[in-house]
Amino acid sequence: MSILIKSAAEIEKMRIAGKLAADVLDYIAPHVVPGITTNELDKLCHDYIVDVQQAIPAPLNYRGFPKSICTSLNQTICHGIPNDKKLKKGDIINVDITVIKDDYHGDTSKMFYVGDVSPHAKRLCVITQECLMLAIEQVKPGCTLGDIGYAIQKHAESNRYSVVREFCGHGIGKNFHEEPQVLHYGKAGEGEVLQAGNILTIEPMINIGKRHMKVLKDGWTAVTKDRSLSAQWEHTILVTETGYDILTIRPEET
Ligand code: MF3
Ligand code: CO
Ligand code: CO
């Protein structure tokens with residue numbers, strides 16, 4: 001089995017969708033401060049996506065998800081639902097943005113520090129971002145999904161962190177989630193082989209404590225079982241003839 005190869009026209013649309021998703025993270029950054037609620041962040045992002053970008057926030061009503069973005073605070077691993085609780089100094093929060101433009105999806109997330117954050121929380125966020133970038137650097141035609149998972153697992157575990165197993169990256173295009181599943185752990189050289197024209201997300205979720213999670217009664221919010229802090233970073237990646245192109249890259253990263 002091989003992973004869907006996108007046409008040049010599809011890749012062009014994915015570039016646009018990816019850029020829009022990245023732009024939302026830059027737009028929201030100055031608003032992620034102590035005292036704001038995640039519902040306010042949700043409304044700001046929703047209105048920016050709909051009114052300015054003339055795009056669609058993909059999470060809204062996706063399998064019953066009630067909001068336009070995911071906001072995952074502290075011990076929340078992913079799929080946090082925006083609410084009326086105020087952010088406070090010292091929090092770390094993942095904001096995950098997925099937009100649909102001209103039928104194609106762009107999906108990206110990053111960690112924000114709310115005011116001053118403890119060194120151990122910062123370290124988790126930095127190492128998790130390094131896990132994502134080390135995985136992305138693996139990407140080229142002939143690389144396997146196992147190479148990606150291995151790069152993440154090796155870096156996380158050598159820093160005494162754990163890799164969440166229940167969620168993975170994914171192919172992306174006209175659909176939010178397509179084949180293949182991109183595991184964030186694995187063995188180098190194993191699994192499906194990537195080819196130019198594949199587009200997928202890589203989105204490692206890394207915990208300070210044990211890897212285990214539970215989902216809250218709302219049916220979405222995934223938290224660490226031991227209540228340790230968790231971090232996640234995500235990009236949408238195109239496999240090119242020579243390597244990769246990060247479709248959701250932000251100016252701060254170049
Ligand atoms: N954006 C998430 C991902 O990276 C998926 C969120 S699904 C939602 O795959 F319904 F919670 F929005
Ligand atoms: Co994703
Ligand atoms: Co996402």
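Begin by selecting strand β5, residues 104–113, which is mostly covered, with 9 of its 10 residues buried. Keep in mind throughout the tour that this is a predicted model, and that the values quoted below are computed from it.

With β5 still highlighted, add strand β4, residues 92–101, and look at how the two strands run together: β4 and β5 pair in the antiparallel sense, and the pairing extends over 10 bridges. To follow one rung of this ladder, select Ile 100 and then His 105, its bridge partner in β5. The turn of this hairpin has 2 residues between the strands, and here Asp 102 is worth displaying on its own, as it takes a positive phi near 55°.

Next, stay on β5 and select Asp 107, a residue of this strand, which counts as buried because its relative accessibility is 2%, below the 20% cut-off. Show the two cobalt ions, ligand 2 and ligand 3, together with this side chain: Asp 107 bridges the two ions, which lie 3.4 Å apart.

Centre the view on the cobalt ion (ligand 2) and display the side chains of Asp 107, His 170, Glu 203 and Glu 234, which are its protein donors. The contacts are made through OD of Asp 107, NE2 of His 170 and OE of both Glu 203 and Glu 234, at distances of 2.0 to 2.2 Å. Along the sequence these donor residues follow the spacing D-x62-H-x32-E-x30-E. The site links distant parts of the chain, with Asp 107 in strand β5 and Glu 234 in the loop between β13 and β14, 127 residues apart. If you draw the angles at this ion, the 6 donor atoms subtend 51 to 162°, and the arrangement is therefore irregular.

Now move the centre to the cobalt ion (ligand 3), where the side chains to display are Asp 96, Asp 107 and Glu 234. Asp 96 appears twice among the listed OD contacts, alongside OD of Asp 107 and OE of Glu 234, and the coordination distances run from 2.1 to 2.4 Å. The spacing of these donor residues in sequence is D-x10-D-x126-E. Here too distant parts of the chain are linked, since Asp 96 sits in strand β4 whereas Glu 234 belongs to the loop between β13 (230–232) and β14 (235–239), 138 residues away. The 6 donor atoms around this ion subtend angles of 58 to 163°, so the arrangement is irregular. Colouring by accessibility is a useful addition at this point: Asp 96 is buried, with a relative accessible area of 10%, and Glu 234 is also buried, at 1% relative accessibility.

Leave the metal ions and select Glu 179 and Pro 180, where a cis peptide bond joins the two residues, with omega about 0°. Pro 180 is placed in strand β8, residues 178–182. As background for this stop and the next two, most residues other than glycine have a negative phi, and most peptide bonds are trans.

The last two selections are loop residues. Gln 54, in the loop between α2 (38–52) and β1 (56–57), has a positive phi near 50°, and Gln 54 is exposed, with a relative accessible area of 61%. Finish at Arg 160, in the loop between α4 (145–158) and β6 (162–163), which has a positive phi of about 65° although it is not a glycine; Arg 160 is exposed as well, with a relative accessible area of 66%.

Conventions:
Residues numbered from 1 in each chain as written. Chains lettered and ligands numbered in written order. Predicted model: local features only at pLDDT ≥ 70, side-chain atom pairs only at ≥ 80, totals over all residues. Heavy atoms only, no water. Donors = N, O, S within 2.8 Å, 3.2 Å for Na, K, Ca; no water. Tetrahedral: all angles 85-135°; square planar, octahedral: opposite > 155°, others 65-115°. Helix = DSSP H or I, 4+ residues; strand = E, 2+ residues; numbered from the N terminus. Buried < 20%, exposed > 50% of the residue type's maximum accessible area, 1.4 Å probe, protein only. Pairing = 2+ DSSP bridges.
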